[in-house]
Each structure stands twice: as C-alpha cells, then as structure tokens.
Amino acid sequence: MGTYEPVLQVSYGAGPCMFTSNPYFSNSVLKFPSKLSVKSRSKRASRRTGMSKCPRIFQNHIGSYWLSGLSNGGMLQIAAEADRSQSLCCKCQRAENISGLTTEDGNGKWFVDSAKTLHVTGAVDASNVLEFGSIQQSIPERQDLKSNGIANQENGSLTGNGAVETVRDTPGKVSVDSTADEAWDLLRDSMVYYCGSPIGTIAANDPTSSSVLNYDQVFIRDFIPSGVAFLLKGEYDIVRNFILHTLQLQSWEKTMDCHSPGQGLMPASFKVRTVPLDGDESATEEVLDPDFGEAAIGRVAPVDSGLWWIILLRAYGKCSGDLSVQERIDVQTGIKMILRLCLADGFDMFPTLLVTDGSCMIDRRMGIHGHPLEIQALFYSALLCAREMLAPEDGSADLIRALNNRLVALSFHIREYYWIDLKKLNEIYRYKTEEYSYDAVNKFNIYPDQIPPWLVEWMSSQGGYLIGNLQPAHMDFRFFSLGNIWSIVSGLATIEQSHAILDLIEAKWMDLVAEMPLKICYPALEGQEWQIITGSDPKNTPWSYHNGGSWPTLLWQLTVACIKMDRPEIAARAIEIAEKRISQDKWAEYYDTKRGRFIGKQARLFQTWSIAGYLVAKLLLADPRTAKMLITEEDTELVNAFSCMISANPRRKRGRKNSKQTYIV
C-alpha cells in the first residue's frame with residue numbers, strides 16, 4: 001500500500017458515502033464501515049450511466065484495484081490506481097467532528113441558546129459566518145422560542161475550540177405548538193437514507209395516493225426549505241450529505257448526444273435504489289439514480305437546480321460555521337461549472353438567462369418561456385453567493401470578472417425594464433412603436449394594446465412589482481410571487497422597489513393571500529388564452545396548480561423577504577392564516593379557487609415542502625437574525641456601478657464608432 005504514493009485520505013466529515021470527482025483525490029486509501037446494510041464489491045461503471053453507487057469505486061477508464069482484506073478495525077481498505085482525471089471515489093465512514101461540532105447527536109446542535117449571551121467563535125472566517133452577536137434574550141422571548149419548537153435546550157456553552165455545545169431536546173417533551181411538533185415529525189418521516197445516513201427528503205409522503213409518480217424522489221428545489229429547516233434546527237449532517245452527494249450527480253461530461261445533460265447541469269431529482277450486484281443475487285448495493293428531466297413530464301431540464309444548490313451551500317456555511325465544505329476543490333469545481341453553464345455566450349442579447357417553459361418551479365407549459373423573472377432572481381442570488389464562496393486563484397479571475405459584469409448588467413436590466421407601477425403603466429400606455437434608433441424609448445417594441453384590461457383595474461396606486469417576463473414585443477404582466485419575493489431577498493430589486501412589492505401584497509391581500517397563502521401567480525389564464533398558452537392543460541385549469549393556485553411552501557420565501565425589509569408583521573399575518581387549515585388539510589401541496597378555499601384537485605397530501613415551508617417561516621420569525629444566511633446584499637462596488645449606469649442615462653445614443661477603414665461594395 002505504501003508504494004502507491006501520494007495517498008490522500010480525504011475527510012468528508014460526518015456524511016457517509018461521500019464521493020469526489022476531483023482529480024487530485026483519485027488515488028486514495030478508502031475505508032468502509034463493516035456495519036453497512038449492503039455488501040461491498042468493486043465494480044466498473046461509467047460516469048455516463050448517471051448513477052452514483054455505494055459502496056463501489058467506479059471510473060470512466062479501466063483501473064486496477066487491490067483488496068487488502070479486513071483490518072483489525074473491521075474496515076475494508078481499497079487502494080485504487082486509476083486515471084486521475086477520470087476516477088470517482090466512494091468513501092463510507094463514521095461520523096467525524098467538523099470544526100469541533102460532534103455529530104454523535106443525530107439531531108445536531110442548535111446555535112441559539114435563548115437564555116444566554118452567545119459568541120460564535122472558532123477558526124472560521126467571521127465575515128462568512130452567520131453572526132448571532134452578543135444578544136441577550138429575555139425570559140418571555142425564550143418562552144416564545146420554545147412555543148414555536150425552536151429552542152428546547154436548557155444550557156449552552158462554548159468548548160475550547162470555539163464550537164457551541166448544547167443539550168439535546170428532552171425526549172418526550174411536549175411543545176405548546178402542536179402544529180410545529182406535527183410538522184417536525186412528518187418532516188423526519190420523509191427523510192431518505194443512503195448507506196445508513198440521511199441524504200434528503202422525498203417530495204411527498206401521501207399514504208392515500210395510489211399513484212406515486214416521482215413524488216418518492218428527492219428534488220433539489222423541494223429540499224431547499226427542508227434543508228433550511230434542518231439548518232435552523234442545528235441538524236447539519238443531512239444538509240452536508242445532500243450538498244456533496246448531489247454534487248457527484250452533476251453532469252461532468254460534454255456530449256454530442258442531444259438527450260444527455262450539458263456539462264455542469266444539476267439533476268432535478270434523484271432516487272435511492274437498491275439493486276443486486278452482478279454475479280451475486282444475494283448481495284445488493286444502493287445507487288443514486290438522478291433524473292435530469294429525461295424522465296420528467298415534459299422532458300425539460302431544470303435550470304433552477306444548480307442555482308438553488310449554490311444558495312443552499314452558502315446557507316450551510318453561514319449557519320453551521322463550517323466553511324470546509326465550500327472550500328473543497330470538488331465543490332469549487334462544481335460551482336464554477338454551474339457558473340460557466342449560466343454565463344456562456346449565446347445568441348441572446350440580454351443579460352437575463354434564456355430558458356424554456358417548465359425549467360423552474362412552474363414545471364409545465366405556462367407561457368413563461370424566454371426570460372422568466374423567477375430564474376433571473378435565482379440567477380442573481382446564485383451569482384452573489386458564488387462570488388462570496390469562490391476561492392481567489394488565478395484560474396478564477398476571468399470567471400469572477402464575467403460574474404461581476406453580469407451582476408451589474410442583470411440588475412440594471414431587471415430594475416429598469418421589468419419594473420411596473422401606475423406611473424410606468426401610464427408610460428407604456430402612451431408608447432410609440434416601430435422606433436428604430438439607439439435612443440428609442442420603447443426599446444422592445446411593446447404595443448400599448450398588450451396591456452390587459454385586468455391590470456388597468458388591478459394596479460394599485462401604491463406599490464408596484466416586477467413583471468413575469470420580457471421579450472421583444474411581449475411583456476408578461478402577470479404577478480409571479482416567487483420571482484418578486486426572491487428579488488427582494490437577493491437584492492435584485494432596489495430598496496424602494498422591495499418595499500413597493502410588499503405594499504402591493506398588502507394592498508391586494510385578498511387576491512394574493514386570501515384564505516391560504518400564497519398565489520403562485522396572478523391572475524390565472526382563462527378561456528381561449530388558457531387553451532392556447534397551456535395547450536388546454538387539464539392540471540393547470542384556471543385557479544389551480546401553477547395557474548393561479550395557492551402554494552403554502554411560498555410562506556418561507558415571503559418570511560425571508562419581510563424580515564429583510566423589517567416588515568415581519570406581513571409574514572406573521574400570512575402564517576396565522578395558514579395555521580388555521582394547513583394541519584387540518586393534511587399539509588396539502590396546493591390549493592384551488594381564487595381565494596384558495598379548496599384543496600387542489602390533484603394535490604398530494606403530506607407534501608414535504610409545504611411542511612418545511614411552514615416550519616422555516618415559524619423558525620425565522622422567532623429568530624429573525626438567522627435569515628442572514630439566505631439574504632444577499634450588494635457590495636459598494638456593485639451599487640456604485642449601477643448608479644453610474646443610471647446617471648449616464650440608460651437611453652443614451654450608442655452609435656457606431658468612427659472608423660477609418662474603407663469598405664468597397
């Protein structure tokens with residue numbers, strides 16, 4: 001074993017079955033626990049099969065393996081000599097300490113002791129850690145936290161290395177908030193395990209549904225509220241495992257096959273499957289089977305998965321204080337691949353991402369192809385998060401430069417051209433068309449007749465919002481909740497615009513919230529418009545599902561936005577409305593009708609992100625400081641650059657530069 005040097009033993013923390021595709025980690029001494037429920041056998045597998053397997057080593061090129069048998073500690077040691085640039089290694093190991101945080105406690109550690117002053121210290125960069133500061137909480141505040149199921153710890157103390165040691169929740173302790181307790185029980189029941197360790201949560205755990213479809217899979221976008229809930233509860237292992245395992249499912253190969261995912265694409269979902277080993281039917285192994293959209297309804301690849309992954313990665317570091325995950329070489333490579341995929345030059349002239357219908361939360365045909373606001377808000381947020389986490393090195397200079405340029409252009413484009421209020425609506429109403437010039441006012445040749453009648457009556461004199469989409473000769477005036485809310489969270493909208501969006505939500509409360517928050521979009525497509533745009537989709541009928549349905553999971557994004565703008569009373573009001581029915585209705589996926597009075601006609605019950613969204617909203621309201629892990633703020637340079645663009649007049653003439661070259665026709 002000693003002759004194959006250098007041998008790198010890579011510590012993956014508490015998460016078992018961690019993989020690395022980093023070429024520097026390809027030749028390793030790997031240790032597998034002897035108590036795994038599956039048997040181990042080396043086996044070749046192609047990366048293009050799209051499956052990560054445990055406990056096996058697999059590569060794209062043939063390598064040689066040596067089994068040295070069981071050591072005294074009952075561990076199987078495998079040394080692999082393979083192509084450094086191609087091999088993928090699987091490592092199963094026992095929980096380790098990360099930054100002094102022990103993981104023997106399956107529920108992890110919660111940073112906030114509501115009775116004492118906290119100082120988060122340690123060997124981590126304080127600027128990148130969620131700062132709880134020196135905050136004294138009164139006894140009534142502590143009782144309020146307990147009633148919301150957040151802090152049941154009795155005491156907290158700092159260890160010698162700066163880690164926070166707290167006492168676990170007392171087993172069997174009855175909480176005042178029975179709805180939150182029920183939600184936690186359901187959330188934990190939805191957890192998916194891979195090689196004995198938690199790796200995610202399934203989309204829904206509805207015992208009344210005979211048609212499972214893909215609701216038994218772990219979706220990246222669906223897991224985000226679950227992951228945030230676990231972070232707020234101090235249970236970091238499942239989030240770390242999720243981040244590292246989904247990274248290994250990322251598409252790493254360029255291919256000419258039009259049915260294969262592009263390089264850097266993150267899967268929409270994955271499923272843990274137990275399959276028999278070749279040549280031994282009595283032995284089985286667990287594999288992670290990803291879906292990049294090739295099996296999804298509509299066969300659309302997810303654009304938002306990679307963006308949400310970056311956002312969750314930053315939140316994990318902010319909340320746990322463990323920056324070692326984002327500093328790993330394979331994680332850094334994964335971030336860069338997502339950025340290169342999103343920042344690649346194409347035929348599009350705009351700084352916004354050009355995507356097709358169904359590439360985000362609205363994953364069916366709903367007329368959002370082009371430049372939907374939701375993707376742009378997540379894109380902007382992911383760019384800011386990535387810039388914060390990228391390690392400074394020579395290879396990243398060009399990428400960071402392109403990232404900064406895109407941030408400035410994207411923020412200007414959305415704020416200037418997507419924003420609409422009563423004043424802007426009147427300006428569009430008086431647009432002149434067919435303007436051919438560099439200083440045209442109606443840059444996208446929008447026809448005033450496109451203004452829908454509903455908007456003329458609906459637009460409030462107070463507030464405004466960002467429209468759903470913008471393309472040549474087309475403005476989608478619908479109000480899309482997630483895009484507007486995340487524009488506030490990410491800082492894509494200005495401070496004034498952010499307050500105006502919340503003003504509009506308050507002014508149009510009965511339309512956007514009513515009896516169950518929150519409308520995914522407003523208004524619904526009806527009649528011939530519904531037939532043409534949705535293709536007469538029987539699931540997206542008016543005021544149902546994505547077509548004007550109400551989604552409880554949006555509570556957590558609304559809460560983050562309200563906390564950022566120091567208006568938590570809006571979120572508290574929405575949560576209070578949801579609490580009246582959400583448990584009684586068995587945590588439905590979505591609600592139908594204009595006021596959200598009926599459970600969705602095809603809604604799954606015990607929908608995990610409805611459960612997690614409610615929990616996150618409650619946890620954030622109880623301790624608003626923790627929302628910092630999700631909020632991104634613009635730095636001074638970005639604000640100054642944007643101000644310069646505004647002061648330079650966005651409608652300035654941009655003619656051709658004088659050229660001394662003579663052209664002969």
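1. How many cavities of 30 Å³ or more does the structure hold? The structure holds six of them, where a cavity is a set of points, on a 1 Å grid over the protein atoms alone, in which a 1.4 Å probe fits but cannot get out.

2. Please keep in mind that this is a predicted model, in which local features need pLDDT of at least 70 and side-chain atom pairs count only at pLDDT 80 or more, while totals for chains, interfaces and linings use all residues. Residues are numbered from 1 along each chain as its sequence is written, and side-chain values use heavy atoms, with hydrogens and water left out.

3. The second largest cavity encloses about 80 Å³, a volume being the space filled by probe spheres set on the grid points. Its lining (residues with an atom within 4 Å of a point) includes Cys360, Ile362, Gly468 and Ile520. Helices H8 (373-389) and H12 (481-490) are the elements that give two or more residues to this lining, and H12 gives the most, with three; helices here are DSSP runs of H or I with at least four residues, numbered from the N terminus.

4. Elsewhere, helix H2 (residues 178-189) packs with helix H3 (residues 220-233) at an angle of about 115°, their axes lying 12 Å apart; axes are lines fitted to C-alpha atoms over the stretch in contact, and angles run from 0 to 180 degrees between N-to-C directions. Trp184, Leu187 and Arg188 of H2 meet Ser226, Ala229, Phe230 and Lys233 of H3, contact meaning heavy atoms within 4.5 Å.

Conventions: On a 1 Å grid over the protein atoms alone, a cavity is a set of points where a 1.4 Å probe fits but cannot get out, and a pocket is an open set with protein on both sides within 12 Å along at least five of seven lines; lining residues have an atom within 4 Å of a point.
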